[in-house]
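Me: Please take one part of this model and go through it closely. I would like the sheet, strand by strand, with whatever packs on it.

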Amino acid sequence: MEILRNKKGFICDMDGVIYHGDRLLPGVAEFLDWLKNNDKNFLFLTNSGKYTPRELQEKLARMGLDVDESHFYTSALATANFLKTQAPGCSAYIMGEHGIHNALYDAGITFNDVNPDYVVVGEPSGYSIDMITRAIRMVNAGSKLIGTNFDLSGPTETGIAPACRALLSPIEMVTGKQAYYVGKPNPLMMRTGLRMLGVHSEEAAIIGDRMDTDIVAGIESGLDTVLVLSGVTTREECKMYPYRPRLIIDGVGDIAN
């Protein structure tokens, strides 16, 4: 634990680490105070693309936490940056919430539901067979398939819910095309996160609740790895993977104590 506490920078997941839906998890306020009091650099790096950084800031504010907007980076922003770099001025059919719509619009990417360059799939609340069918036809016609993140499921106040990879799976299966996933564990998002954090990977740690995104991203990027049991992964499930986090803790509050 002392090795972790001596790190200069912390990359933290949000769902399952900071909150479940609209419920703040135990020990989070103490952990945030510890980060600030010890002058740690920290970044909330989330695979969710539902919200903008300002909305995430306001969500934490409603939970009693004061965090500047600059401390948030989402898979929606990472996806928008990727497409802007790959194909400036392209168009996209977007299956997702306003977080991804806003990020793509700000990057100069136009919405197109006829013949888009890309089909971008996030986690739309209005997910439907009609939406899937339209996406399938576009991909079969030549649109390239993008997933904002690699999460298969995510925690909510009432239990586990399907996430991006599960929602994208029918399109992949029917078209025979594999999506390119931009969020964690993609090193593109991790490198951006480290640049925003302003520290070298050896001086940073990643804290997350998922083995297949957070922990593998940390291992492959050279960060110290911490799995919290407050999200979707249990201690027993952790043993099923061929790689391991360096630390397993109940929640982020353990770091501050």
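Reply: What follows is a walk through the sheet, then its helices, a few single residues and the pocket.

The model is predicted. Its open sheet has six strands, in the order β5-β4-β1-β13-β14-β15, and the pairing is parallel. Two strands form the edges, β5 (72-74) and β15 (247-249), and each of them pairs on one side only. On average, neighbouring strands of this sheet are turned by 20 degrees against each other, direction ignored. As a rule, strands of a sheet pair through backbone hydrogen bonds, either parallel or antiparallel.

Start with β13. Four bridges pair it with β1 in the parallel sense. Across that pairing, phenylalanine 10 stands opposite alanine 205 of β13. On the other pairing, β13 is joined to β14 by four bridges, and these strands also run parallel. Here alanine 205 faces aspartate 224 in β14. Alanine 205 therefore has a partner in each pairing: phenylalanine 10 and aspartate 224, with a strand counted as paired when DSSP finds at least two bridges.

How much of β13 is buried? Five of its five residues are. The side chains alternate in two groups: Ala204, Ile206 and Gly208 point one way, while Ala205 and Ile207 point the other way. Both groups are buried, which means under 20% relative accessible area.

Move outward to β14 (residues 224-228). Three bridges join it to β15, again in parallel. One bridge pair is valine 228 with isoleucine 249 of β15.

Now the helices. Helix α8 (residues 187-197) packs on the sheet. It touches β1 (9-12), β4, β5 and β13 (204-208). The direction of α8 makes about 150 degrees with that of β4. Helix α4 (residues 75-86) lies across β4 (41-46) and β5. It runs at about 60 degrees to β5.

Lysine 84 sits in α4. This residue is partly exposed, at a relative accessible area of 46%. Leaving out residues up to four places away in sequence, lysine 84 touches Ala107 and Ile109. Leucine 35 is 49 residues from lysine 84 in sequence and 33 Å from it in space, C-alpha to C-alpha.

Two loops deserve a look for their backbone. Most residues other than glycine have a negative phi, and most peptide bonds are trans. Aspartate 39 has a positive phi, near 55 degrees. It lies in the loop between α2 (28-37) and β4. Aspartate 39 is exposed, with a relative accessible area of 67%. The other loop runs between β12 (180-181) and α8, and it holds proline 185. The peptide bond from lysine 184 to proline 185 is cis, with omega near 10 degrees.

Last, the largest pocket. Its volume is about 540 Å³. The lining has 30 residues, and Asp15, Ser48, Lys50, Glu123 and Pro155 lie nearest the centre. Three elements each supply at least two lining residues: α3 (53-62), β10 (153-156) and β11 (159-162). The largest share, four residues, comes from β10. By class, ten lining residues are nonpolar, nine polar and eleven charged.

Conventions:
Residues numbered from 1 in each chain as written. Predicted model: local features only at pLDDT ≥ 70, side-chain atom pairs only at ≥ 80, totals over all residues. Heavy atoms only, no water. 1 Å grid on protein atoms, 1.4 Å probe; cavity = no way out; pocket = protein on both sides within 12 Å on 5 of 7 lines; lining within 4 Å. Points joined across faces, edges and corners; volume = space filled by probe spheres on them. Nonpolar A, V, L, I, M, F, W, Y, C, P; charged D, E, K, R; others polar. Axes fitted to C-alpha atoms, helices over the stretch in contact; angles between N-to-C directions. Contact = heavy atoms within 4.5 Å. Buried < 20%, exposed > 50% of the residue type's maximum accessible area, 1.4 Å probe, protein only.
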